[in-house]
Amino acid sequence: MAGAATDHPLLGREIVGRIGALGAISETPENLTRIFLSPQHRAAAELLLSWMESAGMRAHLDAIGNVCGRYEGDRPGLPCLMLGSHYDTVRDAGKWDGPLGLVTAISCVADLNRRGRRLPFAIEVVGFADEEGVRFASTLLGSRAIAGTFDEAALGSRDEAGITMHQALSQFGLDPAHIGAAARARRELHGYVELHIEQGPVLEGLNLPVGVVTAISGATRLAVRLVGMAGHAGTVPMALRRDALAGAAECIVEIEEFCRTDPDGLVGTVGYIHAMPGATNVIPGQVSFTIDIRAAADAPRKLAVTDIVRQIETIAKRRKLTLQVDVTHENRTVPCAPWLKRQVAEAVAAEGYRVFELPSGAGHDGMAMIDIADVAMVFVRCRGGISHNPAEHVEEADADAGARVLLRLIENFLPRTGEAKAS
Ligand code: GLV
Ligand code: MN
Ligand code: MN
């Protein structure tokens, strides 16, 4: 591994310790699950607030559940460089997806604070409340609230237990009427930078601890409902059945085949399926499932979504199933801003690492933040490229490398106007 050339203290140990502490806050001790607005989500928010305060930040929870910390610059009230990542998880998650970027940003601010270092801009760190979109159909709820693009209609959406987002926010102790106040203006931000685990195998394959992200791939998520006819598993002849689950199975294999043979590197996933009434001896009458389609460019993704929906329609028609398809989420591909990406690359090089650029196949809060700020990202190598899996792992040395790069970026950061003046 390339050596580091900085005189900053090691932050990796503190980061790994905090990742462990956050990872212990889970619905079930053996499978890390920390879903938006759950009691565990609240406990994690409290811990993050305390870390922000001890790092010298003023910290508060906003009305959607984002944990927000601010470290003033050399004068109060200056525009900020915003850093952050999310603190919700998928089900049976790894510990690093989201929290790594968040605790690294807090550790960097703590280090500045210990040295009494103030910069000609403020630093804000945000722990976004919901990036994964596990509980309600919509995603990026925290960053959309900050970007001022939160859709109030989402407050009426229900989780699996029938609880609306409005009710869940109130139970969490938040006032949904104040979500609009979480929105920030473009003039308040110099930019948004997120550090995140790569969640793929590229950096490991190249033996590099960090990478510079070029763009975040766009995504479309669909909710599909197929309705056939429930019936007796012993009496209805095969030719007379309208089995919604068998229809869904055909659709799923079709989606896999479509994406596998696509030349543009399209990826498609059916990650959730629910069959009703759900008994061994009953032909399934109704099935709901989700589809997640992603590609590095928008045009092939959109074309693929159209083609896939057409194929599902054909399958449903042939099997005499009623079909409903709803788009639950759509995000365009977000390019990282060249001027900000260059500063990330300079920080990587200054720390003694080879600069390597790569796109992000995973979604990130930058997809919402792009509406109010230029965006850049730093990736940190993860073991085996494994993510959304309890085996997700980052070595302490790589967490430290990521922190050094982020700290170097912060301390050398030139807001865009300053940069324009200098060139
Ligand atoms: C978030 O992790 C996503 O890419 O779905
Ligand atoms: Mn993430
Ligand atoms: Mn994730």
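The following questions and answers examine how certain features of this predicted model are recognised.

Q: What makes Asp97, Glu132 and His388 donors of the manganese ion (ligand 3)?
A: A donor is an N, O or S atom within 2.8 Å of the metal. Asp97 (OD), Glu132 (OE), Glu132 (OE) and His388 (NE2) coordinate this ion at 2.1 to 2.7 Å. These distances fall inside the cut-off, and therefore the atoms count as donors.

Q: Why can Glu132 and His388 be said to tie together separate parts of the chain?
A: Glu132 belongs to the loop between β4 (122-128) and α4 (141-147), while His388 belongs to the loop between β16 (375-380) and α11 (396-412), so the pair joins parts that are 256 residues apart in sequence. The spacing of the donor residues of the manganese ion (ligand 3) is D-x34-E-x255-H.

Q: What makes His86, Asp97 and His196 donors of the manganese ion (ligand 2)?
A: The cut-off for a donor atom is again 2.8 Å. His86 (NE2), Asp97 (OD) and His196 (NE2) lie 2.0 to 2.3 Å from the ion, and they therefore satisfy the rule. Along the sequence these donor residues are spaced H-x10-D-x98-H. Asp97 is in the loop between β3 (80-86) and α3, and His196 is in strand β5 (residues 189-197); the two are 99 residues apart.

Q: Which residue coordinates both the manganese ion (ligand 2) and the manganese ion (ligand 3)?
A: Asp97 coordinates both ions, which are 3.6 Å apart.

Q: Why is the pair of Glu411 and Arg117 called a salt bridge?
A: The term requires a side-chain nitrogen of Lys or Arg within 4 Å of a carboxyl oxygen of Asp or Glu. In this pair the closest N and O atoms are 2.5 Å apart, and the pair therefore qualifies. Glu411 is in helix α11 and Arg117 is in the loop between α3 (99-114) and β4, 294 residues apart. The structure holds 26 salt bridges.

Q: How many salt bridges does the rule find across the interface of domain 1 and domain 2?
A: The rule finds zero salt bridges across this interface. Five residue pairs, however, are in polar contact between the two domains. The side of domain 1 that touches domain 2 has five nonpolar, seven polar and three charged residues.

Q: How do you know that domain 1 and domain 2 touch, and where do they lie in the chain?
A: Domain 1 covers 5-217 + 333-422, and domain 2 covers 218-331. The contact takes 15 residues from domain 1 and 13 residues from domain 2. Together the domains bury about 900 Å², of which 39% is on carbon and sulfur atoms. Their C-alpha centres lie 33 Å apart.

Q: What is the omega of the cis peptide bond that joins Met276 and Pro277?
A: Omega is about 5° for this cis peptide bond. Pro277 is found in the loop between β10 (273-276) and β11 (282-283).

Q: What is notable about the phi of Leu140, and where is this residue?
A: Leu140 has a positive phi of about 55°, although it is not a glycine. Leu140 is placed in the loop between β4 and α4.

Q: Which residues does Pro335 touch, not counting those up to four places away in sequence?
A: Pro335, in strand β14 (residues 334-335), touches Thr214, Ala215 and Ile370. Pro335 and Ala215 are 120 residues apart along the chain, yet their C-alpha atoms are separated by 4.0 Å.

How values were computed:
Residues are numbered from 1 along each chain as its sequence is written. Chains are lettered from A and ligands numbered from 1 in the order in which they are written. This is a predicted model: local features need pLDDT of at least 70, side-chain atom pairs count only at pLDDT 80 or more; totals for chains, interfaces and linings use all residues. Side-chain values use heavy atoms; hydrogens and water are left out. Domain bounds come from an automatic or database domain assignment. Contact means heavy atoms within 4.5 Å. Buried area is the accessible area (1.4 Å probe) that two parts lose on being put together, summed over both. A polar contact is a pair of N or O atoms within 3.5 Å; within protein, one must be able to donate a hydrogen and the other to accept it, and residues adjacent in sequence count only if both atoms are side-chain atoms. Ala, Val, Leu, Ile, Met, Phe, Trp, Tyr, Cys and Pro count as nonpolar, Asp, Glu, Lys and Arg as charged, and the others, Gly among them, as polar. Donors are N, O and S atoms within 2.8 Å of the metal (3.2 Å for Na, K and Ca); water is not among the atoms, so sites may look incomplete. Helices (H or I, at least four residues) and strands (E, at least two) are DSSP runs, numbered from the N terminus.
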